[in-house]
Amino acid sequence: MLKKNAVLSSTNLLNVTALLLLVFGLASCGSGGGGTSTPSLVGGSANQNETPATAPNTITEFSDAGAGKVTAVSENSLTEGAVVTISGTDSYNGTYTVEGATPQEFTVATPYTENETGLWQLAGSIASGCSTPQTTSAITLANVPSRTTGVAPLSVFFDATATTATATTRPFHDLEYRWDFGDPAGSTAHGANWTVGSGEGKNSRNTATGPVSSHVFETPGTYTVALAAVDGTNTANSCIQIVVQNPDEVFAGTNTVCIGSSSLPVAGVNGCPGGATTAQKSDFVSAIQNYARPGKRLLFKRGDTYTAATSATLTQAGPGIVGAFGIGAAPVVQMTGDAAILKLSSNTTPGISDWRVMDMALDGMSKPASKGIESAGGINQITLLRLQIYDTHTGISFDDSILDYLNSHGYPGHAIYDQVAIVDTSVLRTMGGRGGNGVQLAVSRLSMLGSVVDDTTLTEHGVRIFNLNKGVLSNNMLSRQSPTKVVLKLHSKSWCNVGSPAGTCVTTSPDYRTDTPPIGVAGSYSEHIVISDNALVSGNGTDWTVNIGPQNAQSDERLRDIIVERNWFEGGNATQVGLVMNGTEFTVRNNICLNSGKCVQVSARDTNSVEPPPTNGGVYNNTIYSNSTRSGDVIGVSICPKSSNITVQNNLGTSPFAISARMVGDEGSGNIQGNNILNNTAAALFVNGSPSAPADFNLLPAPSPAQNTGLSTVPVFSDFFGTSRLQSGMDVGAVNGG
């Protein structure tokens with residue numbers, strides 16, 4: 001039984017945004033904010049992956065180009081469709097789409113008023129005015145967005161992994177990164193806070209922490225995204241401007257198609273935009289085939305039901321939207337055959353990108369091979385927003401084996417899927433037996449935010465990630481997996497397998513940060529991943545909740561630079577481990593574990609496993625509670641043989657009914673322990689002696705043994721609720737006592 005209300009009904013969770021801003025004084029980044037009024041933006045979203053400019057360019061003169069346009073004289077390499085920001089003028093400050101350019105000048109649509117000079121830069125570039133007196137050369141920030149312009153809803157992945165710091169050789173782990181997306185109004189349009197996760201109803205959509213993050217901008221305008229990084233003493237800041245185009249302008253007139261199932265829509269009536277093309281079709285496959293074209297927006301009528309006897313296939317280049325119009329329930333697409341409802345790309349379209357599929361319900365009708373959304377070739381920049389996917393064999397699938405097959409069978413050019421965003425989406429009730437998962441992925445720059453994957457008891461894992469290069473999974477609820485499976489499984493592309501030809505396998509290395517797959521081996525690391533603020537709830541009869549590591553002992557699958565923080569782990573009636581953690585360079589901090597035999601197990605799968613053993617990991621400030629009466633529970637952290645250089649500090653646990661318990665079980669080598677507290681009287685630690693929700697784990701006031709007794713050398717600057725921690729006199733466990 002899913003215990004969502006019991007797990008996530010805390011009324012005392014603190015707003016991370018307000019606390020971080022108040023405590024740490026995040027730098028102001030100048031003017032510009034979400035949804036601000038900007039000049040009209042038209043055309044497609046060009047220059048999606050440019051490196052942000054670092055300085056503006058001089059405009060020496062403006063001249064009248066006629067027809068309500070001006071020409072700016074300035075050397076440039078712009079092309080039609082580029083989006084630029086003009087500043088430093090009396091008349092032309094704003095953001096524009098370039099309508100024509102030569103190497104000496106470019107033209108934008110705004111009335112000419114007078115001749116003056118100014119500055120321009122690519123929209124979405126490094127913003128000025130973001131430094132504060134606390135900014136220091138001790139931290140050199142990297143702040144790279146996946147794109148800086150595009151049409152709403154615009155998903156942007158932010159990457160600070162190239163940041164360096166003088167105080168640490170592990171800036172990915174040892175700094176705290178705080179993001180403000182500058183979008184409080186846009187976030188509020190669909191609820192200011194995330195509705196699921198460990199901070200249900202309290203964690204702001206407009207902020208995030210971590211060296212990688214992501215945000216969906218749904219309201220047109222110019223946004224200033226601020227990043228601050230702290231090492232406990234020093235602070236560094238930077239800003240990026242993101243320009244979001246208006247879909248009503250990009251998809252104006254007949255570039256929007258309104259499709260009804262039971263009746264013909266009328267343009268300008270009941271939410272169908274004026275000037276739109278209208279059509280009556282109940283066949284979803286035919287609608288996609290006929291109308292999904294570059295620069296098109298397909299809107300299906302809310303409250304209507306559509307059918308798909310085969311797969312609809314999206315094979316056109318974006319920008320584009322498949323969504324809904326009107327009011328009421330999301331339009332439903334039912335699978336009347338037995339296939340994927342919507343396929344993305346094909347064998348001959350490896351380079352398409354920039355589509356949004358949103359506000360739809362996809363019903364697999366319990367067909368044993370059905371899928372909600374499935375990739376069928378290379379595709380990038382895909383946003384899956386507010387989808388309801390249910391009664392399928394697999395909800396969402398981005399499978400790299402399809403790409404490998406196409407590349408080796410006469411269809412080259414299919415690169416790994418890039419910039420996949422799954423946001424506010426639910427995948428419920430998968431069925432059909434083995435081979436199915438709620439979500440299965442092999443991608444680069446993944447954003448999985450605010451989503452629910454529940455009840456894969458009749459298939460396998462809730463979320464299975466075969467390979468991931470840079471990703472953030474935050475504020476999700478993953479629950480009720482199949483027995484012997486997990487709610488989240490993360491491994492990597494295999495470097496080699498037992499039985500591989502001699503000389504083609506590398507199983508050890510003096511430096512896991514610099515080694516690369518040997519020639520002839522297709523493996524790669526899963527790396528630079530943040531898993532935070534999720535509710536991870538095991539079903540009854542299951543062994544583990546989350547498994548980060550190889551899928552079996554025979555596969556060399558490597559992981560590094562992974563952060564697991566502020567998650568709620570809840571075990572079922574037989575759960576042995578909350579988190580199985582493999583890999584190198586990992587941090588597990590500020591998590592709360594409820595009713596698992598072990599909270600964290602650091603281990604190779606077994607002593608015969610072929611992957612490099614876990615090393616250089618940190619397990620800090622976690623809180624563990626078990627009401628089990630089983631003998632010999634290790635309720636804290638278990639470090640198994642072959643593991644080395646694992647630091648376990650400031651963890652807090654209690655198991656008041658266990659016959660025996662240990663806080664740390666250490667069978668590895670070179671490990672460091674310190675200030676881990678086991679207190680088997682729960683009432684002496686927490687405000688609720690029988691805790692069952694995050695708020696129950698607030699610490700009792702001093703003289704609690706958990707208050708002011710932690711080591712200050714750990715890289716933990718805030719707690720489970722986002723509250724600032726004092727580095728001197730730090731509290732033990734996931735929750736700061738105040």
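Here a trainee and a mentor talk through parts of a predicted model.

Trainee: Which residues have the most contacts inside the largest nonpolar core?

Mentor: This core has 79 residues. Its largest share, five residues, comes from strand β35, residues 439–449. The residues with the most contacts inside the core are Phe284, Phe300, Phe398 and Ile548.

Trainee: Which residues does phenylalanine 300 contact, leaving aside its neighbours within four places in sequence?

Mentor: Start with helix α6, residues 284–291, where Phe284, Ala287 and Ile288 are among the buried residues. Phenylalanine 300 is in contact with Phe284, Ala287 and Ile288. The other contacts are Ile259, Tyr306, Val322, Gly323, Ala324, Phe325, Pro331 and Met360.

Trainee: Which residue caps the N-terminal end of α6?

Mentor: Look for a side-chain oxygen that lies 3.1 Å from the backbone nitrogen of valine 285. Valine 285 itself is buried in α6. The oxygen belongs to the capping residue, aspartate 283.

Trainee: How many residues are in the second, separate core?

Mentor: This core includes Leu154, Ala160, Leu227 and Ala229. Strand β17 covers residues 221–230. The second core has 21 residues.

Trainee: Is strand β18 largely enclosed or open?

Mentor: Take the two sides in turn. Thr235, Asn237, Cys239, Gln241, Val243 and Gln245 point one way, and all are buried. Ala236, Ser238, Ile240, Ile242 and Val244 point the other way, and these are buried too. With 11 of its 11 residues buried, β18 is largely enclosed by the rest of the structure.

Trainee: In which sense do β17 and β18 pair, parallel or antiparallel?

Mentor: The two strands form a hairpin with four residues between them. In the turn, glycine 232 has a positive phi of about 100 degrees. Valine 230 has threonine 235 of β18 as its bridge partner. Over 10 bridges, the pairing is antiparallel.

Trainee: Which residue of β18 stands opposite valine 151?

Mentor: β11 spans residues 149–151. It pairs with β18 in the parallel sense, over three bridges. Opposite valine 151 stands glutamine 245.

Trainee: Where is proline 153 found?

Mentor: Most peptide bonds are trans. The bond from alanine 152 to proline 153 is cis, with omega near -5 degrees. Proline 153 is found in the loop between β11 and β12.

Trainee: What is omega for the cis bond that joins glycine 318 and proline 319?

Mentor: Proline 319 sits in the loop between β23, residues 312–314, and β24, residues 320–325. The peptide bond joining glycine 318 to this proline is cis. Omega is about 10 degrees.

Trainee: What is phi of asparagine 650?

Mentor: Most residues other than glycine have a negative phi. Asparagine 650 has a positive one. Its place is the loop between β54 and β55, and it is buried, with a relative accessible area of 0%. Its phi is near 65 degrees.

Trainee: Is aspartate 561 buried or exposed?

Mentor: Aspartate 561 is found in strand β45, residues 559–565. Its phi is positive, near 50 degrees. Buried means under 20% relative accessible area. At 2%, aspartate 561 counts as buried.

Trainee: How far apart in space are phenylalanine 686 and leucine 700, C-alpha to C-alpha?

Mentor: Phenylalanine 686 lies in the segment after β58 and counts as buried at 1% relative accessibility. Its contacts include Leu652, Pro691, Phe697 and Leu700. In sequence, phenylalanine 686 and leucine 700 are 14 residues apart. In space, the C-alpha distance is 5.3 Å.

Conventions:
Residues are numbered from 1 along each chain as its sequence is written. This is a predicted model: local features need pLDDT of at least 70, side-chain atom pairs count only at pLDDT 80 or more; totals for chains, interfaces and linings use all residues. Side-chain values use heavy atoms; hydrogens and water are left out. Buried means under 20% relative accessible area, exposed over 50%, partly exposed in between (1.4 Å probe, protein chains only). A polar contact is a pair of N or O atoms within 3.5 Å; within protein, one must be able to donate a hydrogen and the other to accept it, and residues adjacent in sequence count only if both atoms are side-chain atoms. Contact means heavy atoms within 4.5 Å. A nonpolar core is a set of buried Ala, Val, Leu, Ile, Met, Phe, Trp, Tyr and Cys residues joined through side-chain atoms within 4.5 Å. Two strands pair if DSSP finds at least two bridges between them.
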